[in-house]
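Student: I would like to learn how to read a protein model step by step, beginning with the vocabulary and then moving to the particular case. Could you take me through this one?

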Amino acid sequence: MPDSSPIEKTWSHLTRDEFFELAQLRTEVFFLEQRIDEPELDERDRDESTEHLWISDERGPAAYLRVIVDDEPQPGNLDARRLIGRVVTRADRRGEGLSRRLLNHVIERHGAEPLALHAQSYIQPLYAAVGFEAYGDEYLEAGIPHIGMYRAAQPTPTTDPVR
């Protein structure tokens with residue numbers, strides 16, 4: 001069984017082949033499967049603060065997401081500066097918990113601060129299972145029903161030194 005540990009890189013650390021494979025996965029799902037006709041790639045992909053996370057197997061990236069960081073919380077993201085997006089899993093690997101593994105990795109790293117995402121409505125239970133709560137009204141984004149979701153900052157466990 002292949003290692004399914006998340007790989008995490010910023011733009012300057014991605015190889016051309018890695019980015020090509022990630023873009024190919026995103027394109028296959030968002031354009032070919034979901035028929036989204038809005039731009040998939042944007043300048044946020046190249047922002048050095050953007051974290052690209054994925055799980056690979058022998059065929060390449062099997063699941064992917066990115067985390068972008070805003071200087072200030074943006075409208076629609078409550079008080080969250082970090083936004084999870086572009087969550088995608090290759091068709092042959094769906095149902096194995098790969099996206100959840102990536103989400104848990106993000107929460108482990110950044111769960112001490114608020115996090116937001118814009119979920120396709122039908123996949124809302126995935127995000128709720130890792131602590132995100134829906135807020136606001138459902139809306140259309142790229143022709144697909146979405147809902148804002150938010151995970152409040154969770155204090156990180158600390159160990160008190162023995163006194």
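Tutor: Let us begin with a term: a helix here is a DSSP run of H or I with at least four residues, a strand is a run of E with at least two, and both are numbered from the N terminus. With that in hand, L25 can be placed in helix 1, which covers residues 16–33. Please keep in mind throughout that this is a predicted model.

Student: How many helices and strands does the protein chain have, and in what order do the elements run from the N terminus?

Tutor: There are three helices and seven strands in the protein chain, and, read from the N terminus, their order is β-α-β-β-β-α-β-α-β-β. Of the 163 residues in the chain, 44% are buried. If you take the contacts between residues at least 6 apart in sequence, 62% of them join residues at least 24 apart. The accessible surface comes to about 9,400 Å², with 51% of it belonging to carbon and sulfur atoms.

Student: Let me return to L25, then. Is L25 buried or exposed?

Tutor: The cut-off for buried is under 20% relative accessible area, and L25 counts as buried because its relative accessibility is 3%. Once residues up to four places away in sequence are set aside, L25 touches P61, A62, A63, Y64, V88, T89 and R90. A distance can be read here as well: the C-alpha atoms of L25 and A91 are separated by 9.8 Å, although the two residues are 66 apart along the chain.

Student: R90 appears in that list of L25 contacts. Where does R90 lie, and what is R90 in contact with?

Tutor: R90 belongs to the loop between strand 4 and helix 2, and with a relative accessible area of 6% it is buried. Apart from neighbours within four places in sequence, its contacts are L25, D57, R59, G60, P61 and A62.

Student: How should I read the pairing of strands, taking strand 2 as the example?

Tutor: The general idea is to look for bridges, since two strands pair if DSSP finds at least two between them. Strand 2 pairs with strand 1, residues 7–9, in the antiparallel sense over three bridges, and with strand 3, again in the antiparallel sense, over seven bridges. A hairpin of two residues joins strand 2 to strand 3. H52 lets you follow both pairings, as it stands opposite K9 and has R66 in strand 3 as a bridge partner.

Student: Why is strand 2 described as largely enclosed by the rest of the structure?

Tutor: That description holds because six of the seven residues of strand 2 are buried.

Student: What is the general idea behind a nonpolar core, and which residues have the most contacts inside the largest one?

Tutor: In soluble globular proteins, nonpolar side chains tend to be buried together. In this model the largest nonpolar core has 21 residues, and those with the most contacts inside it are L65, I84, V106, L117, Y127, F132 and M149. Strand 2 (51–57), strand 3 (60–69), strand 4 (82–89), helix 2 (98–110), strand 5 (115–120) and strand 7 (144–151) each give two or more residues to this core, and the largest share, five residues, comes from helix 2. Another core, of 13 residues, lies apart from it and has F19, F30, Y64 and V88 among its members.

Student: Could you say more about helix 2 itself?

Tutor: Helix 2 has 13 residues and reaches 18 Å from its first C-alpha to its last, which is close to the 18 Å expected at 1.5 Å a residue. Its buried residues are L98, S99, L102, L103, H105, V106, I107 and H110. To follow one of them outward, V106 is in contact with L53, L65, V67, I84, G111 and L115, leaving aside neighbours within four places in sequence.

Student: How many aromatic pairs are there, and how are their rings arranged?

Tutor: Planes over 60 degrees apart count as edge-to-face, and the count here comes to two aromatic pairs. The ring centres of W11 and F19 are 5.0 Å apart with planes at 75°, so this pair is edge-to-face. The rings of Y127 and F132 have their centres 6.5 Å apart and their planes at 75°, so this pair too is edge-to-face. As for burial, W11 is partly exposed at 30% relative accessible area, whereas F19 is buried at 17%; Y127 counts as buried at 6%, and F132 is buried at 2%.

Note on methods. Residues numbered from 1 in each chain as written. Predicted model: local features only at pLDDT ≥ 70, side-chain atom pairs only at ≥ 80, totals over all residues. Heavy atoms only, no water. Core = buried A, V, L, I, M, F, W, Y, C linked by side-chain atoms within 4.5 Å. Buried < 20%, exposed > 50% of the residue type's maximum accessible area, 1.4 Å probe, protein only. Contact = heavy atoms within 4.5 Å. Areas by Shrake-Rupley, 256 points an atom, 1.4 Å probe, with all protein chains shown as cover. Phe/Tyr/Trp six-rings, centres within 6.5 Å; stacked < 30°, edge-to-face > 60°. Expected span 1.5 Å × (residues − 1).
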